[in-house]
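Open the model in a viewer and keep the selection tool at hand. The stops below say what to select and what is found there.

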Amino acid sequence: MPYISVCIPTYNRKAFLTEALGSLRKQTFDDFETIVFDDGSTDGTAQMIKQADFDVQYHWQENRGEYAVVNDLIKLAQSDYIAFLHSDDLLVPDALQRMAEAARLQKEPHVIYSNYLKIDKDGNPCGASKRKLYSGRITTHLFNDVIVHPVGTLFPKQALLDVGGMDESLRVCADYKMELLISLKYPFIALDEPTFMRRRHDSNISQVCFENRLAEYEVLTDFYENLGGKEVIDAGAAAKRLAKEAYRAGRSALDEGKRKQAGRLLAESWKMHHCPKTLWHRLRAMIG
């Protein structure tokens, strides 16, 4: 049994996937398996993998969405630890080695994560993520900011199973919800150096819109109110974070002409945390 299962969901990203798999060939650690789950690609992905002779387990299915694919990958993984890799991102050469070494030093299972380097669509460097990371029980920090990325993170497989993987009913933020739930049960270790390169291109940049903002607010609210967050997160800090996300969702609704939704969300934000700009935009929603 390999120590790590590297799990790659993909859909019509043959060119980028070639580079992602190439980054696995360069790893300084070799005790891992690679599983590619293709969510219905029609761009010749299967032929590319065969011709390039990549050492991978390849699975194809009709298109069901990324979250369903991730859950299938979790079931297929044979290892006790899983590292996800998006098909358009790259692991740095010693990523698996550093994550495995950190995991092996622990007496109990931990989640190992890091910041990342930024690259453009052509693979050129364009900076690095500089978010402050935390080790130990990080639920409060993770609730306040999305500091864990599913790529470049080593998850105990049991942790993923414990929380039921990703919520397939969600359109966005299922990875964030999953990580919040895991943080209630497992400690995290933040590595000092990045483990992966995150590629930014037109088809993977998250759209800033009302629906996406609302989804994040609802995930955070559900986690705090119903899924255990209230037991570990200070009420005042939670109110401030939820008010911020309600405000963002309300502003997006207002920008998109959804005044009724904007008014409701801005009222919720004001109730949790009084802020003059919230009141101003709530009045805008009321008077049009």
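Select isoleucine 287 first: with a relative accessibility of 72%, this residue counts as exposed. The model is a predicted one. Isoleucine 287 belongs to helix α11, which covers residues 276–287. Now add Leu279, Trp280, Leu283 and Met286 to the selection; with Ile287 they form a nonpolar patch on the surface, and together the five have about 560 Å² of accessible area.

Stay in helix α11 and select threonine 278, which also has its place there. Is threonine 278 buried or exposed? Its relative accessibility is 2%, so threonine 278 counts as buried. Show its surroundings: leaving aside residues up to four places away in sequence, threonine 278 touches Tyr247, Leu266, Ser269 and Trp270.

**Helix α9 and its charged residues**

Next, select glutamate 245 and arginine 241. Their side chains meet in a salt bridge, with 2.6 Å from N to O. The two residues are four apart in helix α9, and therefore about one helical turn separates them. Glutamate 245 and arginine 241 are both buried.

Add arginine 248. The side chain of arginine 248 meets that of glutamate 245 in a salt bridge of 3.0 Å, N to O. Here the spacing in helix α9 is three residues, again about one helical turn. In general, an α-helix has 3.6 residues a turn, so residues three or four places apart point the same way. How exposed are the two partners of this second pair? Arginine 248 is partly exposed, at a relative accessible area of 29%, whereas glutamate 245 is buried, at 0%. Extend the selection to Glu216: salt bridges with shared partners join Glu216, Arg241, Glu245 and Arg248 into one network.

**Helix α8**

Glu216 is among the buried residues of α8, so follow that helix next. Select residues 210–226. At 1.5 Å a residue, the 17 residues of helix α8 should span 24 Å, and the end C-alpha atoms are 23 Å apart, which agrees. Colour the buried positions: Phe210, Asn212, Leu214, Ala215, Glu216, Tyr217, Val219, Leu220, Phe223 and Tyr224. Which helices do these buried residues pack against? The neighbours are α5 (139–144), α7 (174–183), α9 (235–255) and α10 (259–272). Just after α8, look at glycine 228, where phi is positive, about 110°.

**The four-stranded sheet**

Move to the open sheet, where four strands follow the order β5-β11-β7-β8 with mixed pairing. Its edge strands are β5 (90–91) and β8 (125–128), each of which pairs on one side only.

Select β7 (residues 116–119) and β11 (residues 196–199): these strands run parallel and are joined by four bridges. Lysine 118 stands opposite arginine 198 of β11, and the bridge partner of isoleucine 119 in β11 is arginine 199. Then turn to the pair β7 and β8, which run antiparallel and are joined by two bridges. In β8, proline 125 stands opposite isoleucine 119. Between β7 and β8 the hairpin has five residues; glycine 123, in this hairpin, takes a positive phi near 90°.

**Two loop residues with positive phi**

Most residues other than glycine have a negative phi. Select asparagine 12, which is not a glycine and yet has a positive phi of about 55°. Asparagine 12 lies in the loop between β1 (4–10) and α1 (14–25) and is partly exposed, with a relative accessible area of 30%.

Then select aspartate 53, where phi is also positive, near 55°. The loop that holds aspartate 53 runs between α2 (45–52) and β3 (57–60). At 61% relative accessibility, aspartate 53 counts as exposed.

**A salt bridge between two loops**

The structure holds 17 salt bridges. For the last stop, select glutamate 168 and arginine 64, whose side chains meet in a salt bridge of 3.8 Å, N to O. Glutamate 168 lies in the loop between α6 (157–162) and α7, and arginine 64 in the loop between β3 and α3 (66–76), so this pair ties together parts that are 104 residues apart in sequence. Glutamate 168 counts as partly exposed at 44% relative accessibility, and arginine 64 counts as partly exposed at 46%.

Methods: Residues are numbered from 1 along each chain as its sequence is written. This is a predicted model: local features need pLDDT of at least 70, side-chain atom pairs count only at pLDDT 80 or more; totals for chains, interfaces and linings use all residues. Side-chain values use heavy atoms; hydrogens and water are left out. The expected span of a helix is 1.5 Å times one less than its number of residues. Buried means under 20% relative accessible area, exposed over 50%, partly exposed in between (1.4 Å probe, protein chains only). Contact means heavy atoms within 4.5 Å. Two strands pair if DSSP finds at least two bridges between them. Patches are made of residues with over 30% relative accessible area and no salt bridge: like charges are joined within 9 Å, nonpolar side chains (Val, Leu, Ile, Met, Phe, Trp, Tyr) within 5 Å. Accessible areas come from the Shrake-Rupley method with a 1.4 Å probe; for residues, only the protein chains shown count as cover. A salt bridge is a side-chain nitrogen of Lys or Arg within 4 Å of a carboxyl oxygen of Asp or Glu.
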